[in-house]
Amino acid sequence: METGPTLPGALDASELKLCCAAAYQSGWARLLLGESFHPGGLALTERLGTLLGLGPGQRVLDVAAGQGASAIFLARRFGCEVVGVDYGGDSVRKATEAAERAGVAHLVRFEQGDAERLAFADMTFDALICECAFCTFPDKRAAASEFGRVLRPGGRVGLSDLTRAGPVPADLQGLLAWIACIADAQPVDQYARYLQGVGLDVDLIEPHNEALSGMVQGIRARLLGAELLVKLKKIDLPNANFEQARALARAAAEAVKAGTFGYALMTAAKPD
Ligand SMILES: C[S@@+](CC[C@H](N)C(=O)[O-])C[C@H]1O[C@@H](n2cnc3c(N)ncnc32)[C@H](O)[C@@H]1O
């Protein structure tokens, strides 16, 4: 039987969303993750766009768009119109500036909003993507229901997310792990059930575990680099707790190696 998530510490759902948004709009996110905040980077975003059959004239919603890298990429690569929504106001501002710099502001715009309560009319979009973020939504059922609501009949969803096989190790259950998309990662079939539960037909599930291994290795290397730069006083990272970050990255790398965590891409369609 599906049970509700255990939220870390004494945080309620909106505090958790705020913490997550704050982490991904901070300087840390770019420093540790680079431009794109999900395993597989823009190559997996391109795969998702191809599977969804995106093209000019289509209206696409990017739910939890972060600092906008995927939305901007999709507009450039496929010529579609993209609206990106993120909980973090600062992320929305940075994404808007990035779209202007990239010369795609006529195709892409960003709004602050909550995936669990989207501020769009029913059947507004032809396609919707959500990359490495569904796992962080405290109310996954509400978010899935919003996906189904804002899509037009025949519209398609592309989800990519962290997957879990077996229980989450105890050292990966805290707030930092939640923000890092680990603590409430779901078995791949459970993601499919969330989409099916709102009437969407899941038509493809594709494992991309190697993308997660690559990302975790990259984060560990970048952490070492950042620590060195702070020691050399080349950069300033107030409140940086490298020991905690290193321990989390080490535990995550072990869990990925043991097969506890993976990454998967999934597409689904709303029946006509
Ligand atoms: C791992 S990042 C992924 C960002 C982007 N999708 C990407 O792949 O580059 C997770 C994002 O989810 C956003 N987020 C978390 N909870 C949210 C919610 N309830 N509604 C909208 N965005 C949310 C965070 O602010 C953060 O930008």
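**Exercise 1. The largest pocket**

Work out how much space lies in the largest pocket of this predicted model, and which residues and elements line it.

*Solution.*
Step 1: Start with the volume. The largest pocket holds about 760 Å³ of space.

Step 2: Look at the middle. The lining has 32 residues, and those closest to the pocket's centre are L32, L176, I179, A180 and L248.

Step 3: Now ask where the lining comes from. Two or more residues are given by each of α1 (13-25), α2 (27-33), α7 (175-179), α9 (209-231) and α10 (242-257). Helix α10 takes the largest share, with six residues.

Step 4: Sort the lining by chemistry. You should get 28 nonpolar residues, four polar ones and no charged ones.

**Exercise 2. Strand β4 and its partners**

Decide whether strand β4 (residues 125-131) is mostly covered or not, then find the strands it pairs with.

*Solution.*
Step 1: Check each residue of β4 against the cut-off: buried means under 20% relative accessible area. Seven of the seven residues in β4 pass, so the strand is mostly covered.

Step 2: Go to one partner, strand β1 (residues 59-63). Three bridges join β1 to β4, and the two run parallel. To spot the pairing on screen, find V60, which sits opposite A127 of β4.

Step 3: Turn to another partner, strand β5 (residues 151-164). Here six bridges make the link to β4, again with parallel strands. One pair to look for is E131 with its bridge partner S160 in β5.

Step 4: Trace the chain between these two strands. From β4 the chain passes through helix α6 (residues 140-150) and on to β5, giving a right-handed β-α-β crossover.

Conventions: Residues are numbered from 1 along each chain as its sequence is written. This is a predicted model: local features need pLDDT of at least 70, side-chain atom pairs count only at pLDDT 80 or more; totals for chains, interfaces and linings use all residues. Side-chain values use heavy atoms; hydrogens and water are left out. Buried means under 20% relative accessible area, exposed over 50%, partly exposed in between (1.4 Å probe, protein chains only). Helices (H or I, at least four residues) and strands (E, at least two) are DSSP runs, numbered from the N terminus. Two strands pair if DSSP finds at least two bridges between them. A crossover is right-handed if, with the strands pointing away from the viewer, the path from the first strand over the helix to the second runs clockwise. On a 1 Å grid over the protein atoms alone, a cavity is a set of points where a 1.4 Å probe fits but cannot get out, and a pocket is an open set with protein on both sides within 12 Å along at least five of seven lines; lining residues have an atom within 4 Å of a point. Grid points are joined across faces, edges and corners, and a volume is the space filled by probe spheres set on the points. Ala, Val, Leu, Ile, Met, Phe, Trp, Tyr, Cys and Pro count as nonpolar, Asp, Glu, Lys and Arg as charged, and the others, Gly among them, as polar.
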